[in-house]
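Colleague: Hi! Could you walk me through this one? I'd like to hear about the fold and the empty spaces.

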Amino acid sequence: MQKIFLISLAIASFFASGCAQETDHLVTIKTKYGDMAAILYDETPKHKENFIKLAREHYYDSLLFHRVIEGFMIQGGDPQSKTAGMDQRLGEGGPGYTIPAEFNPTLFHEKGALSAARLGDAMNPERASSGSQFYIVQGTKHTEAQLKVDPDKFNRALQQFFQRPENASYRDSINIFIQHRDEQGFQTYLDNLRPVIEKQLGISVERNISPEILKQYTTVGGTPQLDGQYTVFGKVIGGLDVIDKIAAAPRDPNDRPVENVRMVITVEEISKRKIEKMYGYEYPDKD
């Protein structure tokens with residue numbers, strides 16, 4: 001009798017495990033501009049578990065997208081934003097803990113990427129993520145030439161280049177784009193400056209990039225300069241147009257929308273097959 005019971009228990013566990021693999025957590029982010037649907041990656045388990053926990057605790061309900069930059073991203077999740085006045089600076093709040101970085105080279109900042117905000121490298125050399133603040137990528141489309149530049153190598157080369165007194169005029173030109181918040185002009189200027197930097201410093205800032213990532217960034221768009229810097233832990237698979245609408249909202253000098261854009265986030269566990277049917281998303285490991 002005991003042997004039969006153990007065999008039955010093993011069979012039950014097998015089927016339970018199989019069923020669990022066929023379901024996933026669907027995240028819905030509700031805003032006045034419409035709803036976004038997202039999935040969370042199993043490859044970033046700490047971030048996935050934390051986001052689900054906070055959503056189920058209604059932590060995000062009524063929080064703001066407090067920082068939006070068109071052509072770049074929309075950011076939210078600061079608990080101080082729930083009751084913040086219109087002149088209050090936001091972006092420093094959280095649940096009182098951070099999450100260790102979970103970088104994965106197969107997860108990248110394509111349009112719709114759900115990623116964790118964090119403090120800068122000077123204060124946060126381990127690049128640990130905020131416990132609650134996140135951003136959703138809008139980005140822009142990039143050329144193959146732009147994508148084959150290693151951002152870390154290029155940033156180090158820029159620092160060396162601008163430290164040289166004879167390059168002061170280049171530095172002044174960069175500052176003009178920054179002052180006018182001209183993201184496109186800034187990027188174009190850097191693209192044109194790259195061969196000058198490589199020649200002067202005698203280095204190459206190229207990198208290898210997979211065909212899949214290259215295709216997404218050239219056709220869908222994103223922010224490749226953030227890859228390897230911030231943890232990507234999910235992806236918007238429905239409502240990409242909502243990102244565009246929020247990103248285009250009028251904003252103040254601190255990039256906060258002049259009219260509050262609040263969120264409500266819910267999570268439900270449903271079958272992967274249903275998610276694929278509803279949103280056209282294909283799970284790479286479904287089988």
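Modeller: Happy to; we can take the strands and helices to begin with, then the cavity and a pocket. Keep in mind that this is a predicted model.

Colleague: Noted. In what order do the strands of the closed barrel run?

Modeller: The barrel has eight strands, in the order β1-β2-β9-β6-β8-β4-β3-β10, and the pairing is antiparallel. From one strand to the next, the twist averages 35°.

Colleague: How many bridges do β1 and β2 share?

Modeller: Six bridges, in the antiparallel sense, with β1 covering residues 23-31. As one example, isoleucine 29 has methionine 36 in β2 as its bridge partner.

Colleague: And the helices? Which strands does α9 touch?

Modeller: Helix α9, residues 272-279, packs on the sheet and touches β1, β2, β9 and β10. Its direction makes about 125° with that of β10.

Colleague: What about α2, which strands does that one lie across?

Modeller: α2 lies across β1, β2, β6 (113-116), β8 (134-137), β9 (232-238) and β10 (262-271). Relative to β1, α2 runs at about 55°.

Colleague: Let's switch to voids. How many cavities of 30 Å³ or more turn up in the whole structure?

Modeller: A search of the whole structure gives one. The largest cavity holds about 60 Å³ of space. It is lined by 13 residues, and those closest to its centre are Asn50, Ser130, Gly131, Gln133 and Phe233.

Colleague: Which elements give two or more residues to that lining?

Modeller: Those are α2 (45-56) and β7 (129-130). α2 gives the most, with three residues. So the helix that lies across the strands also contributes to the cavity wall.

Colleague: Nice link. What classes of residue line the largest cavity?

Modeller: Six are nonpolar and seven are polar, with no charged residues in the lining.

Colleague: OK, pockets now. How much space lies in the second largest one?

Modeller: About 450 Å³. Its lining has 19 residues, and the closest to the centre are Tyr41, Leu107, Glu212, Tyr281 and Pro284.

Colleague: How does that lining divide by class?

Modeller: The second largest pocket is lined by eight nonpolar, two polar and nine charged residues. For the largest cavity, the lining has no charged residues.

Colleague: Last one: which elements each supply at least two residues to the pocket lining?

Modeller: β2 (34-40) and α7 (211-219) do. You've already met β2 as the strand that pairs with β1.

Conventions. Residues are numbered from 1 along each chain as its sequence is written. This is a predicted model: local features need pLDDT of at least 70, side-chain atom pairs count only at pLDDT 80 or more; totals for chains, interfaces and linings use all residues. Side-chain values use heavy atoms; hydrogens and water are left out. On a 1 Å grid over the protein atoms alone, a cavity is a set of points where a 1.4 Å probe fits but cannot get out, and a pocket is an open set with protein on both sides within 12 Å along at least five of seven lines; lining residues have an atom within 4 Å of a point. Grid points are joined across faces, edges and corners, and a volume is the space filled by probe spheres set on the points. Helices (H or I, at least four residues) and strands (E, at least two) are DSSP runs, numbered from the N terminus. Ala, Val, Leu, Ile, Met, Phe, Trp, Tyr, Cys and Pro count as nonpolar, Asp, Glu, Lys and Arg as charged, and the others, Gly among them, as polar. Two strands pair if DSSP finds at least two bridges between them. Axes are lines fitted to C-alpha atoms, for helices over the stretch in contact, and angles run from 0 to 180 degrees between N-to-C directions. Contact means heavy atoms within 4.5 Å.
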